[in-house]
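Colleague: I should like to learn how the features of such a model are read. May we take them one at a time?

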Amino acid sequence: MIFTVIILLVLIIIFLMIYNMSIHKKIQTFHNINQKITSLNVLQDFMNTISEITSVDEKIKKINDILIERYQIKYSTIVIYNGVDYDIKASNVEEKHWSTLKNLQNEEIFKDSINTATPKYITVQKEGERLPYQKMEFSRAKSAMFFPLYVENVYIGYWIIEGSKPHEFDNIDTTLLEVVRNNIVSVLKTVENQQVIENIVRDDKFSGLKSAEYLFGEGKKIIDKYTTSTVCLFKITNLEEINQTFNRETGNQIVIEVSELLKENLSDEYIFVRYMGPKFAIIFSGIEIDAVVNFMKEMKQKLEDIEIEVEMKTTAKGKRKTAFAKPKINVVVSTYYKRTALEGLTKKLEEYLDGAPKEENTINYL
């Protein structure tokens, strides 16, 4: 009887062990599926962030916030080499620690990680110790994972996550974090062209206007607040002739007075840039094309009434006579639709102005 009970108990124990193993396996499977779903959601959030009309720095900061929230990371910092030095693009660490965090490439403990493009995990063993790269801080971070960032085999910086407990990342899925690291790199590659555009925007010396690149970076944020806008390009068609007939100083003065007159008559919501040479662009945000045509007809008349008096030498004896330089304006307009290729539209308008006869002096629709 006792023997039978023992056998029954053994069978029950074996059954419970098998059941527990089955439950553990299901939990692990669920955990893995949940991690994959989280990764897919994070990737979707990354893609949504890329498509937003914000600056590159704002996008990187938002991506870092997504990582902190979705993966419940205590501290996350993204550091990028800008061609001169290392710059913290995003971090939720107090700024007083940034001087340390943006110089980790000089720390001996991370040099091998950078050279081999592999992650590095470090942790303290007990309270009272500090991580090798920490200078004056003890209590903030007790463990860290360092991920070097590479774009097409070129080292561009690093991503470091930190925890407030010793051994905090012992059981973390490093494969998952590698995927996150690769997604960060993908985002940086995607926004690279936008960053180039933002960095090359200049103020024109004579008109005081932004260069054309402004349209496709900061300017586009304003433009894309509206479903449709009107794009206007105009050209001072006789600027080259003025430079040759009079002098370049007179041509520059024409550019200055044309710019000033338009700035005085344009709302702050409209974007006005010197597009290139004798060509200028105005984006009338949220305004219908017919209203713009009426406005530009009026402005064209005022612009062509500008005249600059120039004294001209006429004989070998040095006699002079007075002449007047006056601009001639050719205008082309078209409708821009939110989130479409603004650079493609302005290029099309530019090609029209460059190909139009020099004597053309009207307002045209495209």
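**Reading the model**

Modeller: We may begin with W98, which is located in helix α3 (residues 98–101). Helices are DSSP runs of H or I with at least four residues, strands are runs of E with at least two, and both are numbered from the N terminus. Residue numbers start from 1 along each chain as its sequence is written, and side-chain values rest on heavy atoms, without hydrogens and water. This is a predicted model, in which local features need pLDDT of at least 70, side-chain atom pairs count only at pLDDT 80 or more, and totals for chains, interfaces and linings use all residues.

Colleague: Is W98 buried, partly exposed or exposed?

Modeller: Buried means under 20% relative accessible area, exposed means over 50%, and partly exposed is in between, with a 1.4 Å probe and protein chains only. W98 is partly exposed, because its relative accessible area is 25%.

Colleague: Which residues does W98 touch, apart from those up to four places away in sequence?

Modeller: A contact requires heavy atoms within 4.5 Å. By that criterion W98 touches I88, S91 and V93. As for T77, its C-alpha is 9.3 Å from that of W98, and the two are 21 residues apart in sequence.

Colleague: How is the packing of two helices described?

Modeller: One gives the angle between their axes and the distance between the axes. The axes are lines fitted to C-alpha atoms, for helices over the stretch in contact, and angles between N-to-C directions run from 0 to 180 degrees. Here, helix α9 (residues 248–265) packs against helix α10 (residues 289–304) at about 145°, and their axes are 11 Å apart. The contact involves V258, L261, L262 and N265 from α9, together with F295, M299, K302 and L303 from α10.

Colleague: What is the chemical character of the residues in the contact of α9 with α10?

Modeller: Ala, Val, Leu, Ile, Met, Phe, Trp, Tyr, Cys and Pro count as nonpolar, Asp, Glu, Lys and Arg as charged, and the others, Gly among them, as polar. On this scheme the contact of α9 with α10 comprises six nonpolar residues, one polar and one charged.

Colleague: What sign does phi have in most residues other than glycine?

Modeller: It is negative in most of them. A117, although not a glycine, has a positive phi of about 60°. A117 sits in the loop between α4 (108–116) and β3, and its 33% relative accessibility makes it partly exposed. H167, likewise not a glycine, also has a positive phi of about 60°. This residue belongs to the loop between β5 (154–163) and α5 (174–190).

Colleague: Where is E129 placed?

Modeller: E129 lies in the loop between β3 and β4 (143–151). Its C-alpha is 8.0 Å from that of K142, 13 residues apart in sequence.

Colleague: How many of the residues score at least 70 in pLDDT?

Modeller: pLDDT is the predictor's confidence in each residue, from 0 to 100. The chain averages 76, and 75% of the residues score at least 70. Among the elements, helix α6 (residues 192–199) has the lowest mean pLDDT, 53, and strand β3 (residues 120–123) the highest, 89. Over residues 26–40 the pLDDT remains under 50, and the model gives them six contacts beyond four places in sequence.

Colleague: What does the secondary structure of the whole chain come to?

Modeller: The chain has eleven helices and 13 strands. Of its 366 residues, 42% are buried.
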